[in-house]
Amino acid sequence: MSSSDLFVSAEGAEWVNPEPGVVRRIMTYLPEMMLVEVAFESGAVGAAHSHPHIQASYVAEGSFEVTIDGRTEVLKQGGSFIVPPNLVHGVKALEKGRLIDAFTPHRAEFLK
């Protein structure tokens, strides 16, 4: 599949569990862009990693310690961050929360 439907209901997106205390679902995507919701239990970690995609993230709920290329800041609901390609980044949920992640191009490995 090279793209999702133009409209995806909350019930139409399947949750997966990539790390302990973390679940994510693909909201919608085209080859050029993907929107993903990621929910974290308090204390859960999105392990440090890098990828060739540009990532922009919005804190929809909760607060997170976000580290990008060795720089760490705490972001609360309404905050956002952007990760240029190939920079090491990760998050820790300081409380239960959700991120909305946009990737360009889409993360093909998320579709497997």
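This is a short conversation about reading the predicted model above.

Visitor: Before we start, what kind of model is this, and what goes into the values?

Guide: It's a predicted model: local features need pLDDT of at least 70, side-chain atom pairs count only at pLDDT 80 or more, and totals for chains, interfaces and linings use all residues. Residues are numbered from 1 along each chain as its sequence is written, and side-chain values use heavy atoms, with hydrogens and water left out.

Visitor: Fine. How many helices and strands are there?

Guide: Secondary structure here means DSSP runs numbered from the N terminus, with helices as H or I of at least four residues and strands as E of at least two. By that count the protein has zero helices and ten strands. Read from the N terminus, the order is β-β-β-β-β-β-β-β-β-β.

Visitor: And how do I read the radius of gyration?

Guide: You take it over C-alpha atoms and set it against the globule rule, 2.2 Å times the number of residues to the power 0.38. Here the radius is 13 Å, close to the 13 Å that the rule gives for 112 residues, so the protein is as compact as a globular protein of that length. Along its principal axes, the C-alpha trace spans about 35 × 30 × 25 Å.

Visitor: What share of the contacts links residues 24 or more positions apart?

Guide: Contact means heavy atoms within 4.5 Å. Among contacts with a separation of 6 or more, 63% are between residues 24 or more positions apart.

Visitor: On to burial and surface. What percentage of the residues is buried?

Guide: Buried means under 20% relative accessible area, exposed over 50%, and partly exposed in between (1.4 Å probe, protein chains only). Buried residues are 37% of the 112. As for area, which comes from the Shrake-Rupley method with a 1.4 Å probe and, for residues, only the protein chains shown as cover, the protein exposes about 6,500 Å², with carbon and sulfur atoms supplying 57% of it.

Visitor: Which residues touch the most other members of the largest nonpolar core?

Guide: The general idea first: in soluble globular proteins, nonpolar side chains tend to be buried together. A nonpolar core is a set of buried Ala, Val, Leu, Ile, Met, Phe, Trp, Tyr and Cys residues joined through side-chain atoms within 4.5 Å. The largest one here has 19 residues, and F40, F64, V66, F81, V91 and L99 touch the most other members. Two or more residues each come from β2 (22-30), β3 (33-40), β6 (63-68), β8 (80-83), β9 (89-93) and β10 (97-104). The largest share, four residues, is from β3.

Visitor: Let's zoom in on F40. What does F40 contact?

Guide: Leaving out neighbours within four places in sequence, F40 contacts G21, V22, V45, G46, F64, V91, A93, E95, K96, G97 and L99. Two of the other well-connected core residues, F64 and V91, are in that list.

Visitor: Now some backbone details. Where is the cis peptide bond?

Guide: Look at the bond from T104 to P105, which is cis with omega near -10°. P105 sits in the segment after β10. For positive phi in residues other than glycine, try D69, with phi near 55°, and N86, with phi near 70°. D69 is in the loop between β6 and β7 (71-76), while N86 is in the loop between β8 and β9.

Visitor: Is D69 buried or exposed?

Guide: D69 is exposed, at a relative accessible area of 54%.

Visitor: What about L87?

Guide: L87 is also placed in the loop between β8 and β9, and counts as partly exposed because its relative accessibility is 25%. Beyond four places in sequence, L87 contacts H49, S50, I68 and D69.

Visitor: Last one: how is H89 in β9 placed, buried or exposed?

Guide: H89 is buried, at 4% relative accessibility. Outside four places in sequence, H89's contacts include A47, A48, H49, Q55 and V83. For a second example, F103 in strand β10 is buried at 3%, and touches residues including M33, V36, I54 and F110. H106, in the segment after β10, counts as buried at 17%, with Y29, L30, H53 and L111 among its contacts.
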